[in-house]
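Here's a quick briefing to read with the structure open beside you. Have a look first, then work through the points below.

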Amino acid sequence: MITYPWFAPVMWTVFALAVVSFVSVIGPYFTGAPWAPMPFDAARRMLQLADVRPGETVYDLGSGDGRVLIVAAREFGATAIGVEIDPLRTLISRSAMTLLGLRHCARVTRANLFDVDLRDADVVTVYLLPKANARLAPKLRSELKPGTRVVTLTYHLPGWEPVISENGIKVYRQAPSPGGRGQE
């Protein structure tokens, strides 16, 4: 019997890639946010409608391949922070930040977006399914400081009233309520 010393490492590599791919493709359906690429024009318009200013902190929840982060950092001068649970997409977006020279103003954290502290956000962008938005709305209401803008693409944020709505993009603003924090 002839054996090839390279066969086992190749098979383990293929197996590892298959597992990562499975987790990256199938896993997000269980968390409510499968990856769907956002056009750069949509990312740009979301940030324009949110009136992002240089030096502000933009969080992109479910940042995928980092498109919102790239636009926020390059075109708006914002500090861009992505939150992505998918290890493959996290690697892709971190690589893009490095290749584009944006590591000083943009970063991606591999985490569940429900576990990330958003208190220092000036703008939060969201492109998630309705079920995930419904789970996210109370977290945003309790953590965001007054004046923080939340921008959604396609799906609304339950219990929040948009201050701007244009072509599927909705901008919401966190405002103090009579008894403390709330939204308008």
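A word on areas before anything else: accessible areas here come from the Shrake-Rupley method with a 1.4 Å probe. On that basis, the chain has an accessible surface of about 9,800 Å², and carbon and sulfur atoms own 61% of it. Keep in mind that this is a predicted model.

**Overall layout**

- The chain holds six helices and eight strands.
- Going along the sequence, their order reads α-α-α-β-α-β-α-β-β-α-β-β-β-β.
- Out of 184 residues, 42% count as buried.
- Take the contacts with a separation of 6 or more: 60% of them come from residues 24 or more positions apart.

**The nonpolar cores**

- The largest nonpolar core has 29 residues, and the members that touch the most others are M38, L47, V52, V58, L102 and V151.
- Helix 3 (40–49), helix 4 (67–76) and helix 5 (87–99) each give two or more residues to this core, and so do strand 3 (106–110), strand 5 (149–153) and strand 7 (169–177).
- Helix 4 is the top contributor, giving seven residues.
- There's also a second, separate core of 21 residues, with I81, V83, L113 and Y172 among them.

**Strand 5 and its surroundings**

- How many of the five residues of strand 5 are buried? The count is five of five, so the strand is mostly covered by the definition that buried means under 20% relative accessible area.
- R149, V151 and L153 point one way from strand 5, while V150 and T152 point the other way, and all are buried.
- Strand 5 pairs with strand 4 (residues 123–126) in the parallel sense, over four bridges.
- One pairing to look up is V123, whose bridge partner in strand 5 is R149.
- Put helix 6 together with strand 4 and strand 5 and you get a right-handed β-α-β unit.
- V151, one of the best-connected members of the largest core, is in contact with M46, A50, V123, V124, T125, V126, I169, K170 and V171, leaving aside neighbours within four places in sequence.

**Helix 3 and its two ends**

- The buried residues of helix 3 are A42, A43, M46, L47 and L49.
- Why do they sit on the same side of helix 3? They cover an arc of only 165° around the axis, which puts them there.
- Two names recur elsewhere: L47 is on the list of core members touching the most others, and M46 is in contact with V151.
- Ahead of the helix, P39 is found in the loop between helix 2 (27–31) and helix 3.
- P39 has 47% relative accessibility, so it counts as partly exposed.
- P39 and R67 are 28 residues apart along the chain, yet their C-alpha atoms are separated by 8.0 Å.
- Following helix 3 comes D51, which has a positive phi, near 55°.

**K139, a lysine to check**

- K139 has its place in helix 6 (residues 130–143).
- Is K139 buried or exposed? Its relative accessibility is 11%, and because buried means under 20%, K139 counts as buried.
- Not counting residues up to four places away in sequence, K139 touches L113, F114, V116 and L118.
- Of these, L113 is also listed in the second core.
- K139 and V116 are 23 residues apart in sequence, and 9.9 Å apart in space, C-alpha to C-alpha.

Key:
Residues are numbered from 1 along each chain as its sequence is written. This is a predicted model: local features need pLDDT of at least 70, side-chain atom pairs count only at pLDDT 80 or more; totals for chains, interfaces and linings use all residues. Side-chain values use heavy atoms; hydrogens and water are left out. Buried means under 20% relative accessible area, exposed over 50%, partly exposed in between (1.4 Å probe, protein chains only). Contact means heavy atoms within 4.5 Å. A nonpolar core is a set of buried Ala, Val, Leu, Ile, Met, Phe, Trp, Tyr and Cys residues joined through side-chain atoms within 4.5 Å. Two strands pair if DSSP finds at least two bridges between them. A crossover is right-handed if, with the strands pointing away from the viewer, the path from the first strand over the helix to the second runs clockwise. The arc is that of the directions from the helix axis to the C-beta atoms.
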